[in-house]
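Welcome, and please open your viewer. We will go from stop to stop, selecting a few pieces at a time.

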Amino acid sequence: MTSSSPITIMKMKLNHCSPSPPYTTAAARRLLPPLIGHHQIQLRSSLGPTLHNSPSFSARAIIARSASSSSSFVITAAMASEASVKVIDGKKVAKDIRDEINAEISRMKDSIGVVPGLAVILVGERKDSATYVRNKKKACETVGIKSYEVCLPENSTEEEVLKYISDFNDDPMVHGILVQLPLPSHMDEQKILNAVCIEKDVDGFHPLNIGRLAMRGRETSFVPCTPKGCIELLHRYNVEIKGKRAVVIGRSNIVGMPAALLLQREDATVSIVHSRTRNPEEITRQADIIISAVGQPNMVRGSWIKPGAVIIDVGINPVEDATNPRGYRLVGDVCYEEACKVASAITPVPGGVGPMTIAMLLSNTLLSAKRIHNFK
Ligand SMILES: NC(=O)C1=CN([C@@H]2O[C@H](COP(=O)(O)OP(=O)(O)OC[C@H]3O[C@@H](n4cnc5c(N)ncnc54)[C@H](OP(=O)(O)O)[C@@H]3O)[C@@H](O)[C@H]2O)C=CC1
Ligand SMILES: Nc1nc(=O)c2c([nH]1)NC[C@@H]1CN(c3ccc(C(=O)N[C@@H](CCC(=O)O)C(=O)O)cc3)C=[N+]21
């Protein structure tokens, strides 16, 4: 988790990524109409042999050359087009999920009279954290989850936070507890996250819940919301994960590491790129699926992407923008303009993974209430 606020990390003035490598535009110009229907994404480059052998596809196949290697990938024309890139609409999917949750909550309320409750603990005055908490509260209201909020000053003690957690652990109206991160630096994050009882750990940050995720044959308890949202997007857009090469950039406890575990559970072959990785570009270029959770604006350039890859951009990076009333705008870790010319599908920032994180939090809270009350 980055510890600085969006305002303080606005060092870079980036209006767009710098010019893309020539191979992308050249390939993109000679394009045929899209082959991919709504919510239907095929990973392109891995389709090579199939496309060669298939008469219906061969006429539409073109060869695109990777930027820095001489190996060529067979891709469909549609797949190399900026116009044909599928924008994975996290905002829309999150809305659909909220509607589903809303219906389930009404069913539960009508049948056993239980309303799920989510407690959120916010310590300190970070603007971005306050915004996230406000958004979570709003989202709870839209689906019928009762939210309980505690806002503590920056100089609160660990004991005060632990006392609130303990009270929420014992409160039968509360089914989920979330401690907004990052916590002030004088607090022991591990100690605080460990205090949330695992039955109410809707963030999925308790070591026991992470442990279950990591072990084969174990059922998961609560899956961390952001990685769960990434996988849900891949599922809802029919992206095949099994047998594919995936690269996760970033290995944080809350995003990168659990995202890699989840992809592996889905039978992808997973590589993890982090700040000490040599040749991140080369490794990333092998991936059919890229999940990037780094916190570096526009780090992943077009040349890092295998033609046809599917990109899930978790990064949320504020960059200075005088034309925006807020003075800044949000961009991802992936250079969107370049990526659109190479990838088959991509999540935008904003409007991609962010809304899904909140939807998954609501989903985990409903799941918790159902488990606690044994409601099927
Ligand atoms: N959309 C959403 O819902 C959410 C978005 N986010 C966003 O996702 C991003 C990542 O968040 P989070 O995981 O909490 O961040 P962290 O700072 O905890 O982790 C960043 C990870 O990126 C790696 N990294 C840093 N620099 C590089 C580099 N140059 N090359 C390769 N890897 C690098 C780090 O490596 P190392 O381990 O070696 O230090 C680390 O593993 C942020 O932009 C954050 O705002 C976060 C949560 C939810
Ligand atoms: N205990 C804990 N759990 C978290 O899940 C958690 C956390 N702490 N600390 C901070 C990060 C970050 N995070 C986001 C959630 C939603 C958006 C989101 O909805 N973003 C909008 C944009 C919002 C805007 O415009 O400001 C979007 O991407 O479309 C972003 C980031 C959850 N986190």
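Which residue of strand 5 stands opposite leucine 118? Select leucine 118 and look across to strand 5, where serine 147 stands opposite.

Before we move on, some ground rules. This is a predicted model, in which local features need pLDDT of at least 70 and side-chain atom pairs count only at pLDDT 80 or more, while totals for chains, interfaces and linings use all residues. Residues are numbered from 1 along each chain as its sequence is written, chains are lettered from A and ligands numbered from 1 in the order in which they are written, and side-chain values use heavy atoms, with hydrogens and water left out. Helices (H or I, at least four residues) and strands (E, at least two) are DSSP runs, numbered from the N terminus.

**Stop 1: the three-stranded sheet**

Select strand 4 (residues 117–123) together with strand 5, and you will find the two paired in the parallel sense over seven bridges. Two strands count as paired if DSSP finds at least two bridges between them. Strands of a sheet pair through backbone hydrogen bonds, either parallel or antiparallel.

Now add strand 6 to see an open sheet of three strands, ordered 5-4-6, with parallel pairing. Strand 5 (146–152) and strand 6 (176–179) are at the edges with a single partner strand each, so one side of each has no neighbour in the sheet. Neighbouring strands here are turned by 15 degrees against each other on average, direction ignored.

Next, show helix 5 (residues 127–143), which lies across strand 4, strand 5 and strand 6 and runs at about 170 degrees to strand 4. Contact means heavy atoms within 4.5 Å. Axes are lines fitted to C-alpha atoms, for helices over the stretch in contact, and angles run from 0 to 180 degrees between N-to-C directions.

To widen the view, select residues 88–203, listed by UniProt in an unreviewed entry as "domain: Tetrahydrofolate dehydrogenase/cyclohydrolase catalytic". UniProt positions are given in the numbering used here, feature names are shortened, and annotations may be inferred rather than shown by experiment. Over residues 88–203 the chain is 52% helix and 16% strand, with its end C-alpha atoms 24 Å apart.

**Stop 2: the six-stranded sheet**

Colour the strands in the order 3-13-10-9-7-8, which make an open sheet of six with parallel pairing. At its edges stand strand 3 (86–87) and strand 8 (269–273), each with a single partner strand, so one side of each is left without a neighbour in the sheet.

Zoom in on strand 9 (residues 289–292) and strand 10 (residues 310–313), which run parallel and are joined by four bridges. Which residue in strand 10 is the bridge partner of serine 292? Select aspartate 313 to see that partner.

Residues 224–371 come next: UniProt lists them, again in an unreviewed entry, as "domain: Tetrahydrofolate dehydrogenase/cyclohydrolase NAD(P)-binding". This span is 34% helix and 19% strand, and its end C-alpha atoms lie 17 Å apart.

**Stop 3: helix 4 and its partners**

Select helix 4 (residues 90–112) and helix 13 (residues 353–372), whose axes come within 9 Å and cross at roughly 20 degrees. That makes helix 4 roughly parallel to helix 13, a label for angles under 35 degrees. Show side chains to view the contact, which includes Ile97 and Ile101 of helix 4 and Leu362 and Leu366 of helix 13.

Then swap helix 13 for helix 9, which packs against helix 4 at an angle of about 95 degrees, with the axes 11 Å apart. Helix 4 and helix 9 are therefore roughly perpendicular, the range for that being 65 to 115 degrees. Here Gly90, Val93, Asp96, Ile97 and Glu100 in helix 4 meet Glu232, Leu233 and Arg236 in helix 9.

**Stop 4: backbone details in the loops**

Go to proline 182, in the loop between strand 6 and helix 7 (189–195). The peptide bond leading there from leucine 181 is cis, with omega near 0 degrees. Proline 350, in the loop between strand 13 (345–346) and helix 13, also follows a cis peptide bond, from valine 349, with omega near -5 degrees.

Finish at asparagine 238, in the loop between helix 9 (225–236) and strand 7 (245–249). Its phi is near 55 degrees, a positive value in a residue other than glycine.

Conventions:
Angles under 35 degrees count as roughly parallel, over 145 as roughly antiparallel, 65 to 115 as roughly perpendicular and the rest as oblique.
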